[in-house]
Structures are given as C-alpha cells and as structure tokens.
Amino acid sequence: AGAVRFDDVHFGYDADREILKGISFAIPPGGTLAVVGPSGAGKSTLARLLYRFYDPTAGRILIDGQDISAVTQASLRAAIGIVPQDTVLFNDTIGYNIAYGRAGADQAAVEQAAAGAAIADFITSLPDGYAARVGERGLKLSGGEKQRVAIARTLLKNPPLLILDEATSALDSRTEAEIQATLKTVERGRTTVVIAHRLSTIADADEIIVLDTGRIVERGTHASLLRQA
Ligand code: ADP
Ligand code: ADP
C-alpha cells in the first residue's frame, strides 16, 4: 500500500491567485519523493493537499489508485503521518507528548507503547538515557530532541505514508545528520514525501522535484540533478 499520484493538480488559497499550477508525479509504494525549492514555492501547500487540509481546484490526487476526495479525512489521516518543522510540545512528559491524540486509547498504555515495540527502531537509536526519560516531567528539550518526540509521535500510528515537512531544517547540521540517519531506518517500507531545504539530506530519494512558484521546474535523481547543475 502507499502508491501516491498527483495528476495535474492545481490549487489556490484565493480564487485570484493560483499557488500550484499543474503538479504531476507518481511515487511507487515504499518510494521516496523529495520536494525542494525556494520559500513560497508551494512545498507545504502540496503536503497540505495530500493530507486534505484543502482539496485541489483542478486535477486529482490518488492513493493506491483511489481519488482521495472520495476517502474520509479520518481514514486518510490515519494512513498519513506528518512531521512538521516546528513542534510545539505540551508541558508534560515525553510519553504524554508522544501519545497525545491517540483517541480512545488508555493514556498510560499508550505511553508504555511509546517506549516499546511500536517505535523500537526509533527509540533504540536515540541517545543513551532517552528512552528512560519517557516519563520525565518538566521537559527542557533541545530542538533536536523535540523533533525526535515529534517523529516518535508520528511513528506511533505506524503510517504507511510519511510526510516530513522540513522536519530537520531548523536544526544544526550535526543534529540534522543524526536524525536523518535515524529517519532512514524508519522510512523503510513507507512511502515518504520529504520537503527539504538542504540537498544533502535527500541524496537517497527515488525522485526529486524542484518547485518554483507552483511549477515543477526540474526533476530527476540527486545524481542527475547535480550533473545538470
Ligand atoms: P513553501 O512551503 O514552498 O515555502 P508554501 O506552500 O508555504 O510554500 O506557500 C506557497 C504560497 O502560498 C506562498 O506565497 C504563501 O504565502 C501562500 N500561502 C501559504 N499558506 C497560505 C494560506 N493559508 N493562505 C493564503 N496563502 C497562503
Ligand atoms: P508552515 O508552518 O507549514 O510553513 P504556515 O501556514 O505557517 O505553514 O505558512 C506557510 C507560509 O504561508 C508562510 O510564508 C506564511 O507567511 C504564509 N501564509 C500563511 N498563512 C497565510 C495567509 N493567510 N495569507 C498569506 N500567506 C500566508
């Protein structure tokens, strides 16, 4: 599961200004698409359409061949995990923050799960002592630690489709590299859309599209784009 297709997608927040001007791409199940381009190009907007914050004004978005306008938002959002650039955390435990939003679930049980098998790949790759701090209150977390919590929260739903919207762009390059290495292990088997700032973080993407003012101006692999540059 998890094939994603944009088919000549157009979108504007306002009727008189189109933000996405005919976007088409296909990601095979488990594949990674990277989206780069200047600020304001429409990268976050593209991600919001996939999540159905908004619907296209023309064109179609398909997941596993099904037009997402025919899928309920609840089931769509269950299948998609988003990690944003800036994570705002509750002044509570790491476990609470990871488990927050698990509707209907027993909070303590979810906190246990957060430290357990569901996200074992992720937790075990965290710095020493981090897993033990899942129950700690009164957090003083660094930007990198906050993003790790955001990633763990997203992974708890085990989504087949993952959107990383500049998830590590605000971090220093060493922390970014550490988290990127961890993300590679959790991306395996999931279809991933990575909105990126630095080209170095998307060298492994199956396809890179370069957006500029709502159009795809370049597309290719990391190697082919570097050859052109
Ligand atoms: P990027 O992620 O590439 O920086 P965005 O998708 O955030 O670009 O924004 C693309 C364009 O859409 C920008 O001109 C931005 O100002 C505009 N925009 C973004 N969000 C909204 C919104 N909620 N309402 C109106 N315009 C918006
Ligand atoms: P993100 O956090 O994903 O970047 P935001 O909604 O905070 O998304 O805004 C993305 C960009 O869109 C920013 O440049 C912001 O200034 C712009 N933007 C957001 N809302 C509006 C709006 N109502 N009108 C115009 N531009 C907007």
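**Exercise 1. Locate E166 in this predicted model and decide whether E166 is buried or exposed.**

Solution.
1. E166 sits in the loop that links β7 (161-165) to α7 (173-187).
2. Its backbone has a positive phi of about 50°, although E166 is not a glycine.
3. The relative accessibility of E166 is 14%. Buried means under 20% relative accessible area, so E166 counts as buried.

**Exercise 2. Carry out the analysis for T213: what is its relative accessible area, and in which loop is its place?**

Solution.
1. T213 is found in the loop between β9 (207-212) and β10 (215-220).
2. T213 is not a glycine, yet its phi is positive, at about 35°.
3. The relative accessible area of T213 is 48%. Partly exposed covers values between the limits of 20% and 50%, so T213 is partly exposed.

**Exercise 3. State the strand order of the open sheet of four strands and explain why one side of β2 and one side of β5 is left without a neighbour in the sheet.**

Solution.
1. The order is β2-β1-β4-β5, and the pairing is antiparallel.
2. β2 (20-27) and β5 (66-67) stand at the edges. Each has a single partner strand, so one side of each has no neighbour in the sheet.
3. For β5, the pairing with β4 (residues 58-63) consists of two bridges, and these strands run antiparallel.
4. Within this pair, I63 is placed opposite Q66 of β5.
5. Strands of a sheet pair through backbone hydrogen bonds, either parallel or antiparallel.

**Exercise 4. Describe how helix α1 lies relative to the strands.**

Solution.
1. Helix α1 covers residues 43-50 and lies across β1 (4-11), β2 and β4.
2. Relative to β1, helix α1 runs at about 115°.

**Exercise 5. Which residues come nearest to ligand 1, and which polar atoms of K43 and S44 lie 2.8 Å from an oxygen atom of the ligand?**

Solution.
1. There are 13 residues around ligand 1, of which R17, G40, K43, S44 and T45 come nearest.
2. K43 places a polar side-chain atom 2.8 Å from an oxygen atom of ligand 1.
3. For S44, a polar backbone atom is 2.8 Å from an oxygen atom of ligand 1.
4. Y13 has a side-chain N or O atom 3.4 Å from a nitrogen atom of ligand 1.

**Exercise 6. Give the confidence scores of the model and name a stretch where the pLDDT is below 50.**

Solution.
1. The average pLDDT of the protein is 83, and 81% of the residues score at least 70.
2. Residues 117-121 have a pLDDT below 50. Beyond near neighbours in sequence, this stretch makes nine contacts in the model.
3. The ipTM is 0.69 and the pTM is 0.81.

Key: Residues are numbered from 1 along each chain as its sequence is written. Chains are lettered from A and ligands numbered from 1 in the order in which they are written. This is a predicted model: local features need pLDDT of at least 70, side-chain atom pairs count only at pLDDT 80 or more; totals for chains, interfaces and linings use all residues. Side-chain values use heavy atoms; hydrogens and water are left out. pLDDT is the predictor's confidence in each residue, from 0 to 100. Contact means heavy atoms within 4.5 Å. Buried means under 20% relative accessible area, exposed over 50%, partly exposed in between (1.4 Å probe, protein chains only). Two strands pair if DSSP finds at least two bridges between them. Axes are lines fitted to C-alpha atoms, for helices over the stretch in contact, and angles run from 0 to 180 degrees between N-to-C directions. A residue is near a molecule or strand if one of its heavy atoms lies within 4 Å of it. A polar contact is a pair of N or O atoms within 3.5 Å; within protein, one must be able to donate a hydrogen and the other to accept it, and residues adjacent in sequence count only if both atoms are side-chain atoms.
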